[in-house]
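Reader: I am new to this structure and would be grateful for an account of the terms applied to it. Please set out the reasoning behind each one.

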Amino acid sequence: MNGTCELKKRLLNGASNGHAFAVENETSNDQYYANNNVYSYEAVVNIAEYLLDRVPYRPRIGIICGSGMGSLAEALSNPIKFPYEDIPNFPVSTVEGHAGQLVFGRLSGVPVMCMQGRFHYYEGYPLWKCAMPVRVMKMVGVTHLIATNAAGGLNKTYKVGDIMLVKDHINMMGFAGNNPLQGPNEARFGPRFPPMNTAYDKQLVRKAKEIAALEGLGDLVHDGVYTCLGGPSFETVAELKMLGMLGVDAVGMSTVHEVITARHCNMSVFAFSLITNMCITDYDCGDEANHCEVLDVGKLREADLRHFVSKIVVHLAHNM
């Protein structure tokens, strides 16, 4: 019992050397503390300082590039790249279509920080670890997050290649008790119980629609509700029908936990989904969802998405 109490104290206080503190297998009696690595506030600050020591500016806009959308990061001028494996205490991306590096540079002249490849629950990472880079962005100086993802279109009015601006999400994994904010709260990041009714910046969603219309993309752009499932298997027909009844418009395997973490850090959030496939809700349909089509659609839309995101970044830079 004394060992378990001491372990909890160490977790609450954070690692003394400022690095991620591993506690796996230290106790078999406490399920929460037995299988968690905790990134202390100091550990996240250390990662941010490692990056800032090598970058001559502090970007205020962060971008997470979804599957097949890594070309957003390739559009940066004068890029400074940090492969994930070279960053102290950083996870490593294992999914095709995710380059696995942080890229600093300028997009349309505006300093930005990009995650060229994210981390997913299905890779074996807990949600708090998947979302940890958002906290690093916050410590670097980012105040506005643009999160992109590839998603299956559940709304029947959508088409492959469309863009869905996320106006809200349904946190299905959270309903099962899996949330990136589980565990002791670090008040220096944010409050114990952050509200989520204003998770997505409504004014920016409206502005993005205006930008899309001006750039000739208006017919491709919708706003809708996104949900994140654990993956890596795609959904059954029955699961998709249930999600449709709940009001979900697009289905993916990311973003929600990143948005929750960003809002916990008081960052403004804008997110959109590239619809890379249509969800199959008919038992007689012989088609099957696959990851290759996700990457292919991303390549087809990369020029439009670069232009769209560039315009949003310029708008943000002028209105911060």
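**Salt bridges and helix packing**

Author: In this predicted model, Glu 186 has a relative accessible area of 23% and is partly exposed. Salt bridges with shared partners join Glu 186, Glu 42 and Arg 188 into one network.

Reader: What makes Glu 186 partly exposed?

Author: Buried means under 20% and exposed means over 50%, with partly exposed in between. The value for Glu 186 is 23%, so the residue counts as partly exposed.

Reader: Why is the contact of Glu 186 with Arg 188 called a salt bridge?

Author: The term requires a side-chain nitrogen of Lys or Arg within 4 Å of a carboxyl oxygen of Asp or Glu. The side chains of Glu 186 and Arg 188 meet at 3.0 Å, N to O, and therefore satisfy it.

Reader: How do you know that Arg 188 and Glu 42 form a salt bridge, and which parts does the pair tie together?

Author: Their side chains also meet at 3.0 Å, N to O, and the cut-off is 4 Å. Arg 188 lies in the loop between helix H6 (172–175) and helix H7 (202–214), whereas Glu 42 belongs to helix H3 (residues 41–52), so the pair ties together parts that are 146 residues apart in sequence.

Reader: Are Arg 188 and Glu 42 buried, exposed or in between?

Author: Arg 188 has 47% relative accessibility and counts as partly exposed. Glu 42, with a relative accessible area of 30%, is partly exposed.

Reader: What makes the pair Lys 81 and Glu 74 a salt bridge?

Author: The N to O distance between these side chains is 3.8 Å, and the definition asks for within 4 Å, so the pair qualifies. Lys 81, at 41% relative accessibility, is partly exposed, and Glu 74, at 47%, is partly exposed. The structure holds eight salt bridges.

Reader: Why is H7 called oblique to H10?

Author: H7 and helix H10 (residues 291–319) pack at an angle of about 130°, with axes 10 Å apart. Angles over 145 degrees count as roughly antiparallel and those from 65 to 115 as roughly perpendicular. The angle here falls in neither range, which makes H7 oblique to H10. The crossing of H7 with H10 is right-handed.

Reader: Which residues of H7 and H10 meet, and how many of them are nonpolar?

Author: From H7, Leu 204, Lys 207, Ala 208, Ile 211 and Ala 212 meet Phe 308, Lys 311, Ile 312, His 315 and Leu 316 of H10. By class, this contact has seven nonpolar, one polar and two charged residues.

Terms used
Residues numbered from 1 in each chain as written. Predicted model: local features only at pLDDT ≥ 70, side-chain atom pairs only at ≥ 80, totals over all residues. Heavy atoms only, no water. Helix = DSSP H or I, 4+ residues; strand = E, 2+ residues; numbered from the N terminus. Buried < 20%, exposed > 50% of the residue type's maximum accessible area, 1.4 Å probe, protein only. Axes fitted to C-alpha atoms, helices over the stretch in contact; angles between N-to-C directions. Left-handed = near helix turned anticlockwise from the far one by under 90°. Contact = heavy atoms within 4.5 Å. Nonpolar A, V, L, I, M, F, W, Y, C, P; charged D, E, K, R; others polar.
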